Amino acid sequence: MESNIYFVKFENSDIKGTPEPLTTSHHQDEGKTRKCRGCRCLVLMTVCLGLICALLLVFNILQHITIISYKNAFEEFKQTINSLQDNNTDLMIEKDQLQNNFNSLSQKKLELETRVNSLTAEKKQLQSSVDSLSQKKLELETRVNNLTAEKSQLQNSLNSSNQKNLELETRVNNLTAEKSQLQRSVDSLNQNKLELETRVNNLTDEKSQLQKSFNSLNQKNLELDGKVTSLSDELNKAYVKGNQWGWFFITTQLNWSGSRQYCKDHGGDLIILNSEVKQRTITSIVLEKFLGERVWIGLTDIQQEGSMKWVDTSPLNQGFWYSGEPNDVGGNEDCVELLPSAPVQNWNDLPCNDKRKGICEK
Ligand code: 2F8
Ligand code: CA
């Protein structure tokens, strides 16, 4: 509680006045004065009392106000205390809770530390595992790369195999189609074969009949050939008798030397055409009697290439060559033939081993 001190101030002259010497009048005056003074004192005291009362009243009012304010403050303080107590209680509860939490957190911290330690150990183990796994991963990556390369090679092989497979399938299909076509051909060929066998049998029969006919015809041909030769000889004899140069024909085809030998065997030699009259006459006779067939004449350069000689060894003075002849084709044409399709220019050099009919003279 606040303590209040109040002072009343008196003038010096009023409180501490020195008593002066008293006379009658003076005494009267003094009595009056004293009365006045007493009145004054009384008034003064009354005023003072009033003032004091006023002050007390003011003091009481102020005190009351103060008390009320203190009361309010006290109430507030009390409320504050209550709320603080409540807060305190709450805080205590919170503190307990926090303590509990703290304890449990400490417990958890311990557990976590233990776990951290175990996890650290695990982490180390895992790190080593990770390292070994990284190593393995590198190895596996290398292996994967190798396998990828192998896979692409295999893929390529597979693709080419597939391509080949497709080609083979196509070929198999084609071959199957060909096979069925061939099978049909074989069937038809078997059919044909049967027909042909039948035909061969028939033809064999026909052939044996024809062979018989041929043999008898051949026999007849030989007989006729003999007759033709004898007739030809007779004819030649007749020609020889009747013609200017004694020429006669060789009706079979022989080489140049064989023809010459034939002429010699019949008392003559291959013909010598050493004049234009003889050339024209013999050409027209050959055209008429041999229907334009080629015949050997008695001219050759077999002794010396390029030096044509007649069979009586006389040299060639006037030749009746086809245009471009003699050309000695292949360096092997040394004997001379006559082609009666042209009247005069109708000689050609020819290989002596070719076979031709011939014309001789005696
Ligand atoms: O057979 C040989 C014969 O061939 C041709 O006549 C058909 C030659 N003619 C030409 O080259 C123009 C002959 O000179 C040859 O003797
Ligand atoms: Ca020729």
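Okay, before anything else, a word on what I mean by a helix: a DSSP run of H or I with at least four residues, numbered from the N terminus. With that in hand, helix 3 is followed by Gly267, and the phi of Gly267 is positive, near 80°. I'll come back to helix 3 in a bit. One caveat up front: this is a predicted model.

So, the overall layout. The protein has four helices and seven strands. If you walk along the sequence, the pattern reads α-α-β-α-β-α-β-β-β-β-β. Out of 362 residues, 19% are buried. And if you take the contacts between residues at least 6 apart in sequence, 66% of them join residues at least 24 apart.

Let's stay with helix 3, residues 256-265. What caps its N-terminal end? That's Asn255, with a side-chain oxygen 3.3 Å from the backbone nitrogen of Ser257. The buried residues of helix 3 are Trp256, Ser259, Arg260, Tyr262 and Cys263. Around the axis they cover an arc of only 155°, so they sit on the same side of helix 3. And at the other end you've got the glycine I opened with, Gly267, following the helix with its positive phi.

Next up, helix 4, residues 276-289. Quick sanity check on its length: there are 14 residues, and at 1.5 Å a residue the helix should span 20 Å. The end C-alpha atoms are in fact 20 Å apart, so the two agree. If you're counting along with me, the expected span uses one less than the number of residues.

Which residues of helix 4 are buried? Lys278, Gln279, Ile282, Thr283, Ile285 and Val286. Look down the axis of helix 4 and those buried residues fall within an arc of 165°, so they line one face. Turn to the face pointing away from that buried side and you find the exposed residues Val277 and Glu288. What do the buried residues of helix 4 pack against? Quite a list of strands: strand 1 (247-254), strand 3 (295-300), strand 5, strand 6 and strand 7 (356-361).

Now the aromatics. Searching the whole structure turns up four aromatic pairs. Take Trp310 and Trp347: the ring centres are 5.7 Å apart and the planes sit at 85°, so we call the pair edge-to-face. The cut-off there is over 60 degrees between the planes. In sequence terms, this pair links distant parts of the chain, with Trp310 in strand 4 (residues 309-310) and Trp347 in strand 6 (residues 347-350), 37 residues apart. Both tryptophans are inside: Trp310 is buried at a relative accessible area of 4%, and Trp347 is buried at 0%.

Trp347 has another partner, Trp321. That pair is edge-to-face as well, 5.5 Å centre to centre with 85° between the planes. Again it links distant parts of the chain: Trp321 is in the loop between strand 4 and strand 5 (335-338), Trp347 is in strand 6, and they are 26 residues apart. Trp321 counts as buried too, with a relative accessible area of 15%. Put the ring pairs together and you get a cluster of Trp310, Phe320, Trp321 and Trp347.

That loop between strand 4 and strand 5 is worth scrolling through for its backbone. Pro326 lies in it, and the peptide bond from Glu325 to Pro326 is cis, with omega near -5°. Then there are two non-glycine residues with positive phi. Thr313, in this loop, has phi near 70°. Asp328, also in the loop, has phi of about 50°. Buried or exposed, for Thr313? Exposed, with a relative accessible area of 62%. Asp328, on the other hand, is buried at 18%, and the cut-off for buried is under 20%.

Last stop, ligand 1. Around it you'll see Glu325, Asn327, Val329, Glu333, Asn348, Asp349 and Leu350. So where are the polar contacts for the oxygen atoms of ligand 1? An oxygen atom of the ligand is 2.8 Å from an N or O atom in the Asn327 side chain. For the Asn348 side chain, the distance from a ligand oxygen to an N or O atom is 3.0 Å. With Asp349 the contact goes to the backbone: a polar backbone atom lies 2.9 Å from an oxygen of ligand 1.

That's my tour; happy to rotate the model for anyone.

Notes:
Residues numbered from 1 in each chain as written. Chains lettered and ligands numbered in written order. Heavy atoms only, no water. Phe/Tyr/Trp six-rings, centres within 6.5 Å; stacked < 30°, edge-to-face > 60°. Buried < 20%, exposed > 50% of the residue type's maximum accessible area, 1.4 Å probe, protein only. Arc of directions from axis to C-beta. Contact = heavy atoms within 4.5 Å. Near = heavy atom within 4 Å. Polar contact = N/O pair within 3.5 Å; in protein donor to acceptor, adjacent residues only side chain to side chain.
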